[in-house]
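Subject: Structure handover

Hi,

Here is the structure I promised to pass on to you. Have a look at it first, and then read on for my notes.

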Amino acid sequence: MPLISTGDITHGARTDATGVGAFNVVQIEHAQAIVSGAEAVGLPVILQVSENTARYHGSLEPIGLASLAVARAAGVPVAVHLDHAESAGLVREAVRLGFTSVMFDASALPYDDNVAATREITAYCHGHGVWVEAELGEIGGKDGAHAPGVRTDPAEARAFVEATEVDALAVAVGSSHAMLTRDAVLDLALIARLRDAVGVPLVLHGSSGVGDTGLAAAIHAGMTKVNISTHLNKLFTRAVRSYLDAHAEAADPRAYLGPARDAVAAEVTRLLGILARPGR
């Protein structure tokens, strides 16, 4: 199946008032698990590769090309997305490799600088048919939109989207990156106000810290794209640890990475069902 644009997936979800799952790839097993989980439930999915993961692999190309290959072989629509890129050079590399979307993160910059940098990236990406997500963060805040207590202002969000012409906006509504517990409390009223203020899909980052009920409620309130990484990594690591605890002499990594891949696939299937059918 040919690659699909993240914009096509999110547009369909926004129109149907459902959500779409965007899951982070760290190793090829993650990409395989995410696609397998999506195929099991027959729903589209987004594979995300972050700037940190590209750095871990030495560059974007190895894990990026692997993710693209897994996506093209999938039996469901799959988009491949660059997540949290602060480098314009990395964005250009993702476009060259064939990613269908990028998330450019200049949220740590002062507002005017964020607008200028994001507008330049958006113009470049749109010139190559690539969808752009951006983040509106704390003005001058080094922790960006997901520092504790930060919230996105709807009027500022509307002005930012109009000024930059981005295709989606990551907003701060109560979640936080890398949470190990699923007890974040989202501001559902703010999500609804943001949905009404901007004409593009809203993106929930830090969704690993949000429980099932909160995810469904966020979709009802107006979220479209839901990013999940740490939650799946916890399951992946737990499965590896469990196998090695029971098989102390194991030496072949396939023996313990296989169960970890299966655990992630099962959870992706479950989560996609929640996002696609919130409250049902």
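Which residue in β4 does His81 stand opposite? The partner of His81 there is Ser101. Please keep in mind that this is a predicted model.

Let me stay with that part of the sheet for a moment. Strand β3 (residues 78-85) pairs with β4 in the parallel sense, over 3 bridges. On the way from one to the other comes helix α5 (residues 88-97), and β3, α5 and β4 make a right-handed β-α-β unit. Strand β4 also runs parallel to strand β5 (residues 131-135), to which 4 bridges join it. Ser101 turns up here too, with Trp131 as its bridge partner in β5. From β4 the chain crosses through helix α6 (residues 111-126) to β5, in a β-α-β crossover that is again right-handed.

Now for the side chains of β4 itself. In a regular strand, side chains alternate between the two faces of the sheet. In β4 (residues 101-104), Ser101 and Met103 point one way while Val102 and Phe104 point the other, and all of them are buried.

Next, the packing. In soluble globular proteins, nonpolar side chains tend to be buried together. The largest nonpolar core here has 78 residues, and those with the most contacts inside it are Phe23, Leu47, Leu60, Leu82, Phe99, Val173 and Met223. Helix α11 (residues 253-276) gives the most to this core, with 10 residues. Apart from that core lies another one, of 7 residues, including Ile4, Ala13, Val20 and Ala22.

Phe99 is a good one to click on. Setting aside residues up to four places away in sequence, Phe99 touches Val49, Leu60, Gly64, Leu68, Val80, His81, Leu82, Ala94 and Val130. You will recognise His81 from the pairing with β4.

Thr164 is worth a visit as well. Thr164 lies in helix α7 (residues 154-164), and it counts as buried because its relative accessibility is 1%, where the cut-off is under 20%. Beyond its neighbours within four places in sequence, Thr164 is in contact with Val115, Thr118, Arg119 and Thr122.

Finally, the overall numbers. The chain has 11 helices and 8 strands, and buried residues make up 55% of its 280 residues. Of the contacts with a separation of 6 or more, 70% are between residues 24 or more positions apart. About 11500 Å² of the chain is exposed, with 52% of that supplied by carbon and sulfur atoms.

Happy browsing, and best wishes

Note on methods
Residues numbered from 1 in each chain as written. Predicted model: local features only at pLDDT ≥ 70, side-chain atom pairs only at ≥ 80, totals over all residues. Heavy atoms only, no water. Core = buried A, V, L, I, M, F, W, Y, C linked by side-chain atoms within 4.5 Å. Buried < 20%, exposed > 50% of the residue type's maximum accessible area, 1.4 Å probe, protein only. Helix = DSSP H or I, 4+ residues; strand = E, 2+ residues; numbered from the N terminus. Contact = heavy atoms within 4.5 Å. Areas by Shrake-Rupley, 256 points an atom, 1.4 Å probe, with all protein chains shown as cover. Pairing = 2+ DSSP bridges. Right-handed = clockwise from strand over helix to strand, strands pointing away.
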